Amino acid sequence: MDYLVKGNDIYLKQDDFDLEQTLDCGQAFRWEKDGDKFFGKALDKSLTIYSKNDYFVFENTKEKDFIDFWVNYFDLETDYGELKELFSCDKTLSKACEFAWGIRILKQDSFEALCSFIISQNNNIPRIKGIISRMCELFGHFPTPKQLSEADENMLSPLRAGFRSKYLIDCGKKVFSGEIKLEEIKTSEIVDSRKNLMKIKGVGPKVAECALLYGMYKTEAFPVDVWIKRVLSEYYPEGFPQELYKYQGIAQQYLFHYIRKGL
DNA sequence: TTCCAGGCGTATC
DNA sequence: GATACGCATGGA
């Protein structure tokens, strides 16, 4: 980890990292750009970050928070250069990685990722951000399982989440009661993890896959939405390369960004 | 006005 | 197991 402490800020040198690409590629929904700075939240933490010359500046950040939280959140200990090399064996992926060279997978909190992607269904990214923002405003922070379990649809009406409100409540109830144990799901075999997540109303194959990839860092989880469906039918009619299985979720993120913004 | 968005539950066969 | 349809909301 190549960083230094300067006043109240942390200066980090990091390859394969672009803020815009990482924070605005549809994996997290609580980051906003203001000029050249990004302001965002993850669980109860918040951060202002921007790039300056060869460095990423973590503004007003304690070294302890950087080490204990943000290093993991931004997945700084994974070598994305190595991953991109692995992906370069495939022509389409190679182009996607060239275009979206600075994407990293954010290691988000499991409950936050799960709720976020429940909200994402049949929805567009600006609206997903709006609903999550209003939800955090309503509760004062990202809601806990307990808080969602105690909510009712009327209480959640300010979110304008539509039919997804009842799904959020069911998710809160099942996680809070322990019927769904996210910590166990994190460490179990992915087949079992999927099966368990889908016991929650409003969690189907796509949402489960997103929760696994972004909230539990199962890099083989492969969310297929309308965009990835288009990529698969156009460029991978024979199926996705099996030799990339272990990291196909990360590959998917490069492809997702590429097809939406690069073509 | 109609279509679409990081889908899913339900009914029906 | 596959397919069809409705669903809340708001921007294009």
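Two strands count as paired if DSSP finds at least two bridges between them. The exercises below apply this rule and others to a predicted model.

**Exercise 1. Strands β5 and β6**

Task: Determine in which sense β5 and β6 pair, and what phi N53 takes in the turn of their hairpin.

Solution.
Step 1. Strand β6 covers residues 55–59, and five bridges connect it with β5. Pairing requires at least two bridges, so the two strands are paired, and their sense is antiparallel.
Step 2. One place to see this pairing is S51, which stands opposite F56 in β6.
Step 3. The two strands form a hairpin with two residues between them. N53 belongs to the loop between β5 and β6, and in this turn it has a positive phi of about 50 degrees.
Step 4. Most residues other than glycine have a negative phi. N53 is a residue other than glycine with a positive value.
Step 5. The relative accessibility of N53 is 75%. Exposed means over 50%, so N53 counts as exposed.

**Exercise 2. Two further hairpins**

Task: State how many bridges join β4 to β5, and how many join β1 to β2. For each hairpin, identify a residue with positive phi.

Solution.
Step 1. Strand β4 (residues 37–42) and strand β5 (residues 45–52) run antiparallel and are joined by six bridges. Within this pairing, F38 has I49 of β5 as its bridge partner.
Step 2. The hairpin of β4 and β5 has two residues between the strands, and L43 takes a positive phi near 50 degrees there.
Step 3. Strand β1 (residues 2–6) is joined to β2 by five bridges, again in an antiparallel arrangement. Here L4 has Y11 in β2 as its bridge partner.
Step 4. Two residues lie between β1 and β2 in their hairpin, and G7 in the turn has a positive phi of about 60 degrees.

**Exercise 3. Salt bridges between distant parts of the chain**

Task: For the salt bridges D16 with K84 and R30 with E112, find which parts of the chain each one connects.

Solution.
Step 1. Side chains of opposite charge can pair when their charged atoms come close. The cut-off applied here is 4 Å between the nitrogen and the carboxyl oxygen, and by this rule there are twelve salt bridges.
Step 2. In the pair of D16 and K84, the closest N and O atoms are 2.9 Å apart. D16 is in the loop between β2 (9–13) and α1 (19–23), while K84 is in helix α3, and 68 residues separate them.
Step 3. K84 has 15% relative accessibility; it therefore counts as buried, the limit being under 20%.
Step 4. In the pair of R30 and E112, the closest N and O atoms are 3.1 Å apart. R30 lies in the loop between α1 and β3 (31–34) and E112 in helix α5 (residues 110–120), so this salt bridge ties together parts 82 residues apart in sequence.
Step 5. R30 is buried at a relative accessible area of 13%, and E112 is buried at 4%.

**Exercise 4. A salt bridge within one helix**

Task: Explain why D68 and K64 are separated by about one helical turn, and classify D68 and K64 as buried, partly exposed or exposed.

Solution.
Step 1. D68 and K64 form a salt bridge whose closest N and O atoms are 2.7 Å apart.
Step 2. Both residues belong to helix α2 (residues 63–73); because they are four residues apart there, about one helical turn separates them.
Step 3. D68 has 49% relative accessibility, so it counts as partly exposed. K64 reaches 59% and therefore counts as exposed, since the limit is over 50%.

**Exercise 5. Surface charge and a loop residue**

Task: Name the residues that gather with E85 in a patch of negative charge, and decide whether R160 is buried or exposed.

Solution.
Step 1. E85 is joined by D15, D79 and E82 in a patch of negative charge on the surface.
Step 2. E85 lies in helix α3, which covers residues 80–87, and is exposed with a relative accessible area of 61%.
Step 3. R160 is found in the loop between α7 (145–150) and α8 (164–177). Its phi is near 55 degrees, a positive value in a residue other than glycine.
Step 4. R160 has a relative accessible area of 54%, so it is exposed.

Definitions and conventions: Residues are numbered from 1 along each chain as its sequence is written. Chains are lettered from A and ligands numbered from 1 in the order in which they are written. This is a predicted model: local features need pLDDT of at least 70, side-chain atom pairs count only at pLDDT 80 or more; totals for chains, interfaces and linings use all residues. Side-chain values use heavy atoms; hydrogens and water are left out. Patches are made of residues with over 30% relative accessible area and no salt bridge: like charges are joined within 9 Å, nonpolar side chains (Val, Leu, Ile, Met, Phe, Trp, Tyr) within 5 Å. Accessible areas come from the Shrake-Rupley method with a 1.4 Å probe; for residues, only the protein chains shown count as cover. A salt bridge is a side-chain nitrogen of Lys or Arg within 4 Å of a carboxyl oxygen of Asp or Glu. Lys and Arg count as positive and Asp and Glu as negative; His and the chain ends are not counted. The place of a charge is taken as NZ of Lys, CZ of Arg, CG of Asp or CD of Glu. Buried means under 20% relative accessible area, exposed over 50%, partly exposed in between (1.4 Å probe, protein chains only).
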